[in-house]
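Reader: I would be grateful for a close look at a single part of this model, namely the surface that faces the DNA. Please state the cut-offs as you proceed.

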Amino acid sequence: MNYWLMKSEPDAFSIDDLKKKGQEHWDGVRNYQARNYMRDGMRVGDKIFFYHSNCAEPGIVGIAEVATEAYPDASQFDPKSNYFDPGASHDKPRWMLVDVKFVKKLKRTISLKELQAEPALAEMPLVKKGNRLSVMPVSAADWRHIVGME
DNA sequence: GCCAACGTTGGC
DNA sequence: GCCAACGTTGGC
């Protein structure tokens, strides 16, 4: 099993939204590396840290699970969508997504500030300066370490 | 709202 | 294939 971290802006889609819905397709990823992680790396049952970005207290707020294999993101075909991509076609979809299932909400937010302060996590891409990936792998050791911080 | 970092686009 | 311009992300 692999571990992941996925970022979402709580104004757009928060851990509470996921809790309410139970499961959601993770649409709108328009970055090749993030897409490749979803398409090639994720398997059903993999665990995900749900991360809130672009907000008052950025950090990990919950745990989710990969619920489906990757499949084409329908929003790329919709001219009315913000995520429309004129370069994509049904024959040759460019963007893929997975469905994500709610597992639990953490009792508290493990803030980015705390994560950055942990020497053990210094190699996580998340805490590196300038990192903008919205989907990234987490090592098993880092996963255990972070779970222990709750 | 600012701005640094970074990815993508497009002219050449 | 280079690289400047541009757009986006995301912490602060």
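Author: A polar contact is a pair of N or O atoms within 3.5 Å; within protein, one must be able to donate a hydrogen and the other to accept it, and residues adjacent in sequence count only if both atoms are side-chain atoms. This is a predicted model, in which local features need pLDDT of at least 70 and side-chain atom pairs count only at pLDDT 80 or more, while totals for chains, interfaces and linings use all residues. Residues are numbered from 1 along each chain as its sequence is written, chains are lettered from A and ligands numbered from 1 in the order in which they are written, and side-chain values use heavy atoms, with hydrogens and water left out.

DNA strand C is surrounded by K7, Y51, S53, N54, P58, L112, R132 and L133; a residue is near a strand if one of its heavy atoms lies within 4 Å of it. Sugar and phosphate make up 68% of the atoms of DNA strand C that come within 4 Å of the protein. An N or O atom in the side chain of K7 lies 3.0 Å from a phosphate oxygen of this strand. Polar backbone atoms also take part: that of N54 is 2.9 Å from a phosphate oxygen of DNA strand C, and that of R132 is 3.0 Å from one.

R132 is also listed around DNA strand B, together with Y32, K129 and G130. Here sugar and phosphate account for 56% of the strand's atoms within 4 Å of the protein. The side chain of K129 places an N or O atom 3.1 Å from a phosphate oxygen of DNA strand B.
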